[in-house]
Protein chains: 4
Amino acid sequence: MEKVAIIGASGYTGIEIMRLVAMHPHVELVAVSSEQFAGKEVSEVFPFLAGKIRLVFQSLSQHTDLEKADYALVALPHQKAMEVVPGLLRKGVRVVDLSADFRFRTVAVYEQWYKAHTAPGLLADAVYGLSEVYRERIRGAALVANPGCYPTAALLPLIPVIKSGLVTTDGIVVDAKSGVSGAGRGAVLTSLFAEVNEGVKAYKVGTHQHTPEIEQELSFAAQKPVVISFTPHLIPMNRGILGTIYATLAGNATGEDVLQCYRGAYPENGFVRICPPGTVPATHQVRGSNFCDIGFVIDGRTNRLIIVSAIDNLLKGGAGQAVQNMNIMAGFPEDAGINQTPLFP
Amino acid sequence: MEKVAIIGASGYTGIEIMRLVAMHPHVELVAVSSEQFAGKEVSEVFPFLAGKIRLVFQSLSQHTDLEKADYALVALPHQKAMEVVPGLLRKGVRVVDLSADFRFRTVAVYEQWYKAHTAPGLLADAVYGLSEVYRERIRGAALVANPGCYPTAALLPLIPVIKSGLVTTDGIVVDAKSGVSGAGRGAVLTSLFAEVNEGVKAYKVGTHQHTPEIEQELSFAAQKPVVISFTPHLIPMNRGILGTIYATLAGNATGEDVLQCYRGAYPENGFVRICPPGTVPATHQVRGSNFCDIGFVIDGRTNRLIIVSAIDNLLKGGAGQAVQNMNIMAGFPEDAGINQTPLFP
Amino acid sequence: MEKVAIIGASGYTGIEIMRLVAMHPHVELVAVSSEQFAGKEVSEVFPFLAGKIRLVFQSLSQHTDLEKADYALVALPHQKAMEVVPGLLRKGVRVVDLSADFRFRTVAVYEQWYKAHTAPGLLADAVYGLSEVYRERIRGAALVANPGCYPTAALLPLIPVIKSGLVTTDGIVVDAKSGVSGAGRGAVLTSLFAEVNEGVKAYKVGTHQHTPEIEQELSFAAQKPVVISFTPHLIPMNRGILGTIYATLAGNATGEDVLQCYRGAYPENGFVRICPPGTVPATHQVRGSNFCDIGFVIDGRTNRLIIVSAIDNLLKGGAGQAVQNMNIMAGFPEDAGINQTPLFP
Amino acid sequence: MEKVAIIGASGYTGIEIMRLVAMHPHVELVAVSSEQFAGKEVSEVFPFLAGKIRLVFQSLSQHTDLEKADYALVALPHQKAMEVVPGLLRKGVRVVDLSADFRFRTVAVYEQWYKAHTAPGLLADAVYGLSEVYRERIRGAALVANPGCYPTAALLPLIPVIKSGLVTTDGIVVDAKSGVSGAGRGAVLTSLFAEVNEGVKAYKVGTHQHTPEIEQELSFAAQKPVVISFTPHLIPMNRGILGTIYATLAGNATGEDVLQCYRGAYPENGFVRICPPGTVPATHQVRGSNFCDIGFVIDGRTNRLIIVSAIDNLLKGGAGQAVQNMNIMAGFPEDAGINQTPLFP
């Protein structure tokens, strides 16, 4: 049994990590931090965890149990994570960080889209935690930078077809639809039920901070700069991201080529499931699970490959992939604690 | 007071026409048809209309009050409408037809995407009822083919910028998100609450029958063939369509050019509202109203114009625009019966 | 045209008053107050009102246009309203107040369930604005205390059967279900989409502040003290209240007695609609309208009358009834501005 | 590994059993029946199960793999179950039946509320599968009649306080709120998304067929006839039942008495969780889990005990309790396959 701490456990991502760790056969949860709820029992704040977790939230500053941890899953906001992670690493704790702070290969890109970076020295050794793509590097990493939810939904379907040259790298459009938990648990007007329910909207059009993260990894896959249009939308549902991706087919690429490409990239029995030819996934078929389902259609009229991907933003798009990365780091079965069947309906 | 009949009044679009006509100051509802509910009082089937409509549904075959009508709003499924409309026209009834049957300029396109046409002779004189674009022709028309919901959300924002050459006609993507009432009131598995709620999906990817309708009108605006990628999505909400549209800017077109283009095309106080610069609409701001709100962002990184449009699919995307067209035909104020303030929240 | 001011116009109730006044044929909106949005155009804050309202929010303290008003609709929180209303009355403005501050006949009850009262002298002349019950007194009132949403849903069905002695006054249970807009527009954790969606909960069990308001009016109707059990629930929907009410039948009361009682109390063509015998209403049949629909079932097994009532909490449960009261005060047709057909679906 | 068959696997309850069995460590799924989807792969019909279940649906009449099963979980509609269960028992298969067919102690009650019974001889030996109450009898049973969803939510909180005499048995009200999956997966108008969303309604007021089931068990607990008022409501959510229960306190019963009563009836670490004093549960805290959470409030003003219970209707209210019963029958740990942490949000 490895010992695990969750830093920032009272946001939706942190809560989800608690939920998953409570079902994990090979780890013991030893500490959970929350500034807002410090001193309160987990089950008092989150009655759904009654009988599952018997810990008290601790403030990060007074966190006495943190040193016991072998692994820390850090679910703090960006800018906060970079304050905490260096100290954890110095104590020998292996870290999966769910913020954006360690996802970029160059500090300049981070600082252009976010703010100033106070621990740029860690970027070189941090491993981008897209599990299926960087599994080997994750295995030995001290610091894994867990991908953003939208990048996960965009990169898992795009990287294989870009690497294999089946699509051109110009003119890619990623039109993504996310459930509201992606906006976090902050009490803000725009996340109120009556503001969100019975409606759909686009937000941060052309300016969302996940854009450079997607572009970084696509550029690396293509071995040349890739610029995309990315538009996120808010959907009246708790969980889920659907990515609708438009790319132009290269040369004479066929649907069979695309299918073989995906089957090669993502073997059966993993967390990436390829839909039967001609079908595309819906978010309900991955809800509550760590799956990323991918389907596609060849649109001969426009010579486009239209790919649809579906994830649960809190699982494969966040907490689930973080646990997956911890499993890889620890040598556990990759699906330990995250092999739940999706919840339908 | 003009006399109005609603043919096919028990689907969501027909119901919405009843709702609107009940608030219309210049028309009298004289007949409503429904095969399913023939012989029943409207208010028995639809308690929300108690006190508002005091008619009995009649079967179309035994419809004795139909001849009294000056205007018929026909909300039958496609293929059914073409059986009924010719007879109405022969009796001198002016028709707004909400099916796809009379929307196409050439019968070949209809028959490619739908089925065989039994009244192709009417196509030449039918007027495509996109009110703001074809207002003058609608005024004198005997038969108006009311646009589809998705085409309305796509064409109102695209036609002005295409006509004015601000965007290229290649590579346009229309990624649309619709509420579930757009799927109709048929008792089908895929429209069940528990199948739709807490999820989002794409459907008919690359094959939706509204594609040629959008392309027909864009091609007419561009004076050359335009082919687009159109992907509809189902959103867990009752009403609303959000269109997210990606087009490449032509030449040195600026945001100011686009804004002026829209302001020229859609004067203040009409049903098309242009959002303040830099903002895009959400469907909740048009819910329950006949507005089409349009906003846009210039994405300098990709040289794209990203337009977002929002309508209530049952109002401007269907029943509302049908009443608007009837108002134009009858010389009523264009907003008679459809000037409701949107319902928020 | 009478001149109307809305005090506290940026909460859900105030917004709804704006929405309704924008459709009202006999009044002109001259001023809207909001502390949060003072200085901003209404349509900038609420894009759904673009083209409908062209005013700027003013802070109450700097409200220069307030004196112009003939009627003020005050949608401030309780305790705030009592600070503002006396001044309005002194200026000769007739007031419909939507807070709880002037609903109680005795200050002691108010102070037991709320807080200290700073304007108790106004209670004697304030008229409880349950329109159908107190219409005559409302007509001449300077200050109308608009009922709470839950009390409206409970009192309209209960008062007639209590007055006529058809039910006993012991053991009444009011189990109510409300949409989330009833919780207001404050950015609080418990109103976040992901906290509310896909769930239902009871709250303030046995302690809700609308309890004494319901009991006051039932006791007045019964001419003896009535104590009830009232449990509110939060439902994942924007609008609507459903009241399920359990009362014991008195003597040999029959369903026909109850039906005649209701028909006598609520004539046709008013805002209270009695459902056909044996049927009960759903909230969707009143959504977006000022109707209160009432249906009932006689449960012979338990000798109970089970009544179900449905309102839109923002219309008949708040803003709509406030406008109705203003219409009564001003001698307008009682449904002016609030005669919309319900929005279905 | 025991072998399990699911009869009637394509309704929501049957689907949920498949989902749970796929996570069960001690059983192997050997056969799934569906008339509608016979011959199709499970994962083709339900893509969410891809990689989890690799079986083909078989028609019941041509079910060749059925005989292999040690346990059959039967999720057929009532009346259908009684045709199938006798044959299974004759083959030595132990059965958990989720229909109403074997829940009643006397055939007369069944036939009064349902229809004629064709296998009344099995009633005497069938065990009512309320796991926590009848655990000992379930252990040795050949046929367990799994309780209805509403009865589970009503009986678990009521039986202990009735058995211990803390409440009177007169005048009990059970006001229940259910998600839409409780209505089944049939394609019917009243279950369509746009009919249910943004609304709440009561149904089968005074006549719901779960009434006699609740009364039978309450009467048995009280050792005298108990008659209740039971009103079910439909809530716009997929899963969950909230029971709000009103009972009159007997004698001098206190909150502490009630708390001790519950703690005695339901030990820690079981599926029934007692909320901290003064708090009541919401359905979101049991979603996706087999928990039944119970909380209560003493309403001194009316001398009532108000209890609130929350279950996931598809888990503890159906499939989950069925698996729990199978675990008891087979001697597995009682939570095998159903120990998931609730899904929040």
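## Exercises on strand E4 of chain C and on B:Leu192

Strand E4 of chain C (residues 94–97) is covered on both faces: C:Arg94 and C:Val96 are buried on one side, C:Val95 and C:Asp97 on the other. (Buried means 20 or more other C-beta atoms within 10 Å of the residue's own, with C-beta atoms placed from the backbone; strands are DSSP runs of at least two E residues, helices of at least four H or I residues, numbered from the N terminus.) This is a predicted model, where local features need pLDDT of at least 70, side-chain atom pairs count only at pLDDT 80 or more, and totals for chains, interfaces and linings use all residues. Residues are numbered from 1 along each chain as its sequence is written, while chains are lettered from A and ligands numbered from 1 in the order in which they are written.

**Exercise 1.** Find the strands that pair with E4(C).

*Solution.*
1. Take strand E3 (residues 71–74) of chain C: E3(C) and E4(C) pair in the parallel sense over four bridges. (Pairing needs at least two DSSP bridges.)
2. C:Val95 is the bridge partner of C:Ala72.
3. From E3(C), the chain passes through helix H3 (residues 81–90) to E4(C) in a right-handed β-α-β crossover. (Right-handed: with the strands pointing away from the viewer, the path from the first strand over the helix to the second runs clockwise.)
4. Now take strand E6 (residues 143–145) of chain C, parallel to E4(C) over three bridges.
5. Here C:Asp97 stands opposite C:Ala145.

**Exercise 2.** Describe the surroundings of B:Leu192.

*Solution.*
1. Locate B:Leu192 in the loop between strand E7 (173–178) and helix H7 (193–196) of chain B.
2. B:Leu192 is buried because 26 other C-beta atoms lie within 10 Å.
3. Set aside neighbours within four places in sequence; the contacts are then D:Arg185, D:Ala187, D:Ser191, D:Leu192 and D:Phe193. (Contact means C-beta atoms, placed from the backbone, within 7 Å.)

Technical notes. Buried ≥ 20, exposed ≤ 12 C-beta atoms within 10 Å, placed from the backbone. Contact = placed C-beta atoms within 7 Å.
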